[in-house]
Amino acid sequence: THLPDPVPPPARRPRRGPLALVSSACLFVLVVAGYLFAVGPGTAHAERLVLDEADVVVWGQTIRRPVEIAADRVTLRRVSVQAGGGTAIRIRPGVTGTVIEDSEIRCTSRGTDGIAEGNYSAIRVRTFGCREPFRGSPDTPVAVVDSTRDGTPYPDRSPGSDPTDTLVAPGPIGSSEAAGTRGTVDAPPGVQVAPTPITYWPGPTTTGVPAGTVLRNSGSLTLTVPGQVVSGLNITGCVTVQASNVVIRRSKITCSSTTYSIRVLAPAINLVVEDVEINGTGRTSATVCCGEYTLRRVNIYNTIDGPRLGNRTNIFDSWIHDLTRVTGSHNDLMQTTGASNMVIRRNRLDAYKVSTADPMNACLMIGSEIGPSVTNLLFEDNYCNGGNYSIGVRTDLVGSNIRFRINKFGRNYRYGIIWDRPTNVWFDNGLPVIP
């Protein structure tokens, strides 16, 4: 769902009849896709806006009342929420997959929390005046990335109900295997913990087109309508995106182009691809190019390279595997050559191809050959197996704020792994890659 920018009040001035002068304050009301947005003064304590449709994307709005997320996989992007009461944005119990990114939360009354209670990701979210900006609990962990509290960087961790606590993902050093166990990230030397099951990360049953989905045949697509939603297609061909806020969902793409399966062309932004299978037919040079997109639960295979990471790219809960080796290829599951604001979280990255015993080149290759630098890259809670070196970093890289944490690595690399932090551990025994 694409919610367009509201027209400023002067352009929609109501006719001032006898019934129009109920209040001296103007109230602007926007109704789109079944949701009522009250945008105007004096609504900080108004009835909550309840988002109860799964897979909704709310973009570019100012919302002056509390928001309640009541469905899975809701995304708030470039949204300003101004609200009082108990919580500005509340996630209902049991709801998962909420993402709030590039947004602002202003708590307008004392004792108001920013986002609660958990099972969400906050990416580049600015909060102001909130008692606790990002709340979670042991049972509902959260991820907070590149966000701020009253202009101060917020600790990049998963906060619990007590902001001094730290929650860690299943199986890292210093925790039990139970999800959300409290603990520290560093373990005493020689301590071994049980490895995380491979089923913790995405795979064949949790990525791609959900079982039972009926697909309609389609050829190549060029998407030019802002906010367009494409769903339930068997696309034999490739996809070009020329409009912002496009969603591609529950579809299969079989692309035999020697360029890209999906390409986002400027000035388009905010592409969302979820529950999609992408088969590069052994010919596609890269799966998605080159920025301004989010992948969720995407199954990518049979391609020379996986996604290219440009500005504002997010890859969540996806499975990239079985790349295709061709003459002279330098196969990377993911690669950036200079960009900013990238989040790679909880993906299964199988660079090692079992059928040919080929480790390929890397799960992630980082360089700044094209862009001036690599800035604000988070690689977190991923499984990575294979590569010449599993993570490749060019020696001429110019970069800042590049972070790797709570990842696990297989041993099917060609040359080795170089690492310096104990939260990045071996998959088979849970010990640090470098003690």
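Which residues does Phe 379 touch, not counting residues up to four places away in sequence? Select Phe 379 and display its surroundings: Met 334, Ile 344, Leu 349, Leu 364, Ile 391, Arg 403, Phe 404, Arg 405 and Asn 407 are in contact with Phe 379, a contact being heavy atoms within 4.5 Å.

Before going further, a word on what is on your screen. This is a predicted model, in which local features need pLDDT of at least 70 and side-chain atom pairs count only at pLDDT 80 or more, while totals for chains, interfaces and linings use all residues. Residues are numbered from 1 along each chain as its sequence is written, and side-chain values use heavy atoms, with hydrogens and water left out.

**The whole chain**

Switch to a cartoon view. You will find zero helices and 38 strands; these are DSSP runs numbered from the N terminus, with helices being H or I of at least four residues and strands E of at least two. Of the 435 residues, 55% are buried; here buried means under 20% relative accessible area, exposed over 50%, and partly exposed in between, with a 1.4 Å probe and protein chains only. Turn on the surface next: the protein exposes about 18,000 Å², and carbon and sulfur atoms supply 53% of that area (Shrake-Rupley method, 1.4 Å probe; for residues, only the protein chains shown count as cover). Among contacts with a separation of 6 or more, 49% join residues 24 or more positions apart.

**Two cores**

Back to Phe 379, which is one of the residues with the most contacts inside the largest nonpolar core. Select Val 239, Ile 248, Ile 262, Leu 271, Met 334 and Leu 364 as well, since they share that description. This core has 49 residues, and its largest share, four residues, comes from strand β23 (residues 271-279). A nonpolar core is a set of buried Ala, Val, Leu, Ile, Met, Phe, Trp, Tyr and Cys residues joined through side-chain atoms within 4.5 Å. Now pick Leu 49, Val 74, Cys 130 and Tyr 154: they belong to a second, separate core of 29 residues.

**Strand β30 and its partners**

Select residues 339-345, strand β30. Six of its seven residues are buried, so the strand is largely enclosed by the rest of the structure. Strand β27 (residues 313-316) pairs with β30 in the parallel sense over four bridges, where pairing requires that DSSP finds at least two bridges between the strands. Ile 315 stands opposite Ile 344 of β30. Then add strand β33 (residues 374-380), which pairs with β30 in the parallel sense over six bridges. Here Met 342 stands opposite Leu 377. As you look along the strands, keep in mind that in a regular strand the side chains alternate between the two faces of the sheet.

**Disulfides**

Show the cysteines as sticks. There are four disulfides, each a pair of cysteine sulfur atoms within 2.5 Å. With bonded cysteines counted along the chain, they follow the pattern 1-2, 3-4, 5-6, 7-8.

- Cys 107 and Cys 130 have their sulfur atoms 2.1 Å apart. Cys 107 lies in strand β10 and Cys 130 in the loop between β12 and β13, so the pair ties together parts that are 23 residues apart in sequence. The link is right-handed, with 85° about the S-S bond.
- Cys 363 and Cys 384 have their sulfur atoms 2.2 Å apart. The link is right-handed, with 100° about the S-S bond. Cys 363 is buried at 0%, and Cys 384 is buried at 0%.
- Cys 289 and Cys 290 have their sulfur atoms 1.4 Å apart. Cys 289 is buried at 1%, whereas Cys 290 is partly exposed at 36%.

**Salt bridges**

Finish with the charged side chains. The structure holds 27 salt bridges, defined as a side-chain nitrogen of Lys or Arg within 4 Å of a carboxyl oxygen of Asp or Glu.

- Arg 126 and Glu 104 have their closest N and O atoms 3.4 Å apart. Arg 126 is in strand β12 (residues 120-128) and Glu 104 in strand β10 (residues 98-107), so the pair ties together parts that are 22 residues apart in sequence.
- Arg 135 and Asp 113 meet at 2.8 Å, N to O. Arg 135 is partly exposed at 23%, while Asp 113 is buried at 1%.

For the last stop, select Arg 249, Glu 274, Asp 275, Arg 296 and Arg 297, which are linked in a network of salt bridges.
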